[in-house]
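Subject: Structure for you to look at

Hello,

Here is the structure I said I would pass on. Please open it first and keep it beside you while you read the notes below.

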Amino acid sequence: MLRLLDSPQIITNGVSVGITMTKPTLLLCYLAMQGTWVSRSSLALLFRPDAPEQVALHTLRLMLNRAKNLPWAGGLEVQPKRVRFLIPTDVQLFCLAVGHSDWSAALELYQKPFLYEVSHPVLDEWIGAERERLSGAWREAMLAQAKLEPDQNQVAALLWRLWQHNELDEMILQHYLRAAYLAGQREAALSAFNRFLLLLQELGSRPSPDTLELQRLLV
């Protein structure tokens with residue numbers, strides 16, 4: 001399995017091996033995410049948008065030849081005009097879990113953002129869009145799991161983790177403050193509120209009346 005919701009790894013028989021992110025490996029990750037045939041011309045344009053078509057296609061051929069030699073690239077299929085790489089990924093399993101409202105399974109799969117700490121000058125836009133899409137699904141799963149959790153301490157822990165993902169998300173902060181209040185974690189909740197207040201002050205903004213009302217419950 002190809003793990004992409006973390007630092008990229010290949011998992012074989014339960015053993016994880018990290019992947020060095022070269023252009024050929026990033027090409028394989030891109031193809032794995034597509035899960036279908038992709039034309040050579042579109043791949044060439046994606047990786048070499050600044051080059052003439054024949055130059056871009058030549059670069060793609062070199063990348064594909066290097067990718068074929070990777071030990072985990074057995075599923076790579078190369079045809080004259082199109083390419084496909086079918087391999088199980090944690091992204092597929094995560095999306096299935098979200099689709100079936102299996103929130104605990106989804107949260108177990110989502111360890112870190114998509115292609116964590118990976119960047120590429122050409123593919124950054126695609127990577128960013130996928131990160132945002134999958135992060136939104138993770139946010140949905142976290143909130144749904146928090147609603148199902150009977151233990152307020154666990155609810156507070158889930159919401160704290162979610163708020164850490166974006167400390168300017170005031171709605172998540174409100175959920176966390178309520179859960180922390182019910183769990184008797186007043187000091188932690190006040191600390192989070194003060195952190196949020198400081199961030200807003202740096203932006204020249206103020207908390208909403210609802211957030212201020214929650215803060216008054218805590219003091």
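Helix α3 covers residues 53–68, which makes 16 residues. In this predicted model, α3 reaches 22 Å from its first C-alpha to its last, close to the 22 Å expected at 1.5 Å a residue.

Which residues of α3 are buried? They are Ala-56, Leu-57, Thr-59, Leu-60, Met-63, Leu-64 and Ala-67. Seen down the axis of α3, these buried residues fall within an arc of 160°, so they line one face of the helix. The general rule behind this is that an α-helix has 3.6 residues a turn, so residues three or four places apart point the same way. On the other side of α3, Gln-54 and Arg-66 are exposed.

What do the buried residues of α3 pack against? Their partners are two helices, α1 (23–34) and α2 (40–47), and two strands, β5 (76–78) and β6 (82–85).

Next is helix α9, residues 186–202. It has 17 residues and spans 24 Å from its first C-alpha to its last, again close to the expected value, here 24 Å at 1.5 Å a residue. Buried in α9 are Ala-189, Leu-190, Ala-192, Phe-193, Phe-196, Leu-199 and Leu-200. The buried residues of α9 pack against α7, α8 and α10 (209–218). Just after α9, Gly-204 takes a positive phi of about 70°.

One residue of α9 can be looked at separately: Ala-188 lies in this helix. Is Ala-188 buried or partly exposed? Its relative accessible area is 35%, and buried means under 20% while exposed means over 50%, so Ala-188 counts as partly exposed. Ala-188 and Ala-156 are 32 residues apart in sequence, but their C-alpha atoms are 10.0 Å apart in space.

Last, the largest pocket. About 180 Å³ of space lies in it. Three helices each give two or more residues to its lining: α6 (124–148), α7 (152–165) and α8 (170–182). The lining residues are Leu-143, Ala-146, Lys-147, Gln-152, Val-155, Leu-159, His-175, Arg-178 and Ala-179. Sorted by class, five of them are nonpolar, two are polar and two are charged. Two of the helices that line this pocket, α7 and α8, are also among those that the buried residues of α9 pack against.

Regards

Terms used:
Residues are numbered from 1 along each chain as its sequence is written. This is a predicted model: local features need pLDDT of at least 70, side-chain atom pairs count only at pLDDT 80 or more; totals for chains, interfaces and linings use all residues. Side-chain values use heavy atoms; hydrogens and water are left out. On a 1 Å grid over the protein atoms alone, a cavity is a set of points where a 1.4 Å probe fits but cannot get out, and a pocket is an open set with protein on both sides within 12 Å along at least five of seven lines; lining residues have an atom within 4 Å of a point. Grid points are joined across faces, edges and corners, and a volume is the space filled by probe spheres set on the points. Helices (H or I, at least four residues) and strands (E, at least two) are DSSP runs, numbered from the N terminus. Ala, Val, Leu, Ile, Met, Phe, Trp, Tyr, Cys and Pro count as nonpolar, Asp, Glu, Lys and Arg as charged, and the others, Gly among them, as polar. The expected span of a helix is 1.5 Å times one less than its number of residues. Buried means under 20% relative accessible area, exposed over 50%, partly exposed in between (1.4 Å probe, protein chains only). The arc is that of the directions from the helix axis to the C-beta atoms. Contact means heavy atoms within 4.5 Å.
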